Amino acid sequence: MNPIKKSDKLNGVCYDIRGPVLEHAYRLEEEGHRILKLNIGNPAPFGFAAPDEIIQDVIYNLPNAEGYTASKGLFAARKAIMQECQRIQVPGVDIEDIFLGNGASELIVMAMQALLNNGDEILVPAPDYPLWTAAVNLAGGKARHYLCDEQSDWFPDLADIESKITDKTRGIVVINPNNPTGSVYSQDLLESLVELARRHNLIIFADEIYSKILYDDAEFIPMGKLAQDVLCVTFNGLSKAYRLAGFRSGWMVISGAKHRARSYIEGLEMLASMRLCANVPAMYAVQTALGGYQSINELIVPGGRLRDQRDAALKALADIPGVSCVKPRGAMYLFPKIDLNRYKIKDDQQMVLDFLIQEKVLLVQGTAFNWPNSDHFRIVFLPREDDLTKAINRFGDFLSRYSQ
Ligand code: PLP
């Protein structure tokens, strides 16, 4: 009998953060090994509890969450997001411009499905959060990767972006604060990106899921505040700052040149209605989260757990010869560089797999983020300082004896 094959639509669709190396880690766990997972930005398993008032509110509202809501989601939650937009000075956002989803992930896929015809292009950063590339390709589009420049705090290279624009380019993805680099973009840079989008008639897709996870003097400037005459679709949610990744609760806000996007917005509404609505209990978390005590602020100041863990991880990395890392000013990741003149690495996925097998620590290879070379990897700095330091020291020992 013929084998049952997956759809050709999945060619070019790849999400290697949960790829073959993770499968191997699960097998090792089944054999009884303890694996330290530095691979996924999932705060709860590392003891980052969600604010209790949110949990209590969701419990209280569970009996009200039995039915479907409107396709765009619960009115009170969307109203709270609308007020949040006012607070951060994103103008002109109405209740109808807000869609709730099962995490930002669902809405990212929807935003691409509703827009792209076969062969349309979207500018996606390299390195990227790989869902973006996968979502573009799944929708029949083509992700064109623009370089972020490690020498300039990982800021996007404007000339490289410009050189990749064609008559098929429909939009540009901007991830700020960035995963995996931790870069937080300046107002000047954001204004240049808006100007470029204006000149080439591009939609801006602003992934701002880390907007409240900032260190040192980093300031977050929402794209929607600057892109008032350009169509801007912004993504955010409860997974990171509110440590509720398992609730699958995110949102998408449409701002700027909405009047030119009626057909696209109709497409989004159609896709939202086909899946009826997002998970309703989690929608009850939104209003309390946005309006309540912002406990994330305690974690990111000096002495706060996240910020101290970042510093401990940076310090341990600095002790490895031939490894360097730009200091992240946002999010929860490090994206260090390995000097390939010193270490012979040809295939970074194999390197990460070998490290897993030898040291039982799980990292993600840089190429999983559509980075073109085998010279980077990503660490999640969610574990406690001791665990992080031990894991990074082990990586240094591993590298010193590793050669492919
Ligand atoms: N965007 C970025 C940049 C992310 O890092 C993540 C999760 O890691 C997401 C979107 C997806 O978030 P959600 O849990 O809301 O689907």
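Okay, let's start at the seam: the rule picks out 18 residue pairs in polar contact across the interface of domain 1 and domain 2, both residues at pLDDT 80 or more. Polar contact here is a pair of N or O atoms within 3.5 Å; within protein, one has to be able to donate a hydrogen and the other to accept it, and residues adjacent in sequence count only if both atoms are side-chain atoms.

Which elements give two or more residues to the domain 1 side? Those are helix 11 (296-300), helix 12 (305-318) and strand 11 (333-334), with helices being DSSP runs of H or I, at least four residues, and strands E runs, at least two, numbered from the N terminus. Helix 12 gives the most, with 3 residues.

Quick caveat: this is a predicted model, where local features need pLDDT of at least 70, side-chain atom pairs count only at pLDDT 80 or more, and totals for chains, interfaces and linings use all residues. Numbering runs from 1 along each chain as its sequence is written, and side-chain values use heavy atoms, with hydrogens and water left out.

Now, charges. We get 3 salt bridges between the domains, meaning a side-chain nitrogen of Lys or Arg within 4 Å of a carboxyl oxygen of Asp or Glu. Arginine 329 forms a salt bridge with aspartate 217, closest N and O atoms 3.1 Å apart.

And the area? About 3000 Å² is buried between domain 1 and domain 2, with carbon and sulfur atoms giving 57%; that's accessible area (1.4 Å probe) lost on putting the two parts together, summed over both. Val326, Arg329 and Asn370 supply 22% of what domain 1 buries against domain 2, more than any other three residues.
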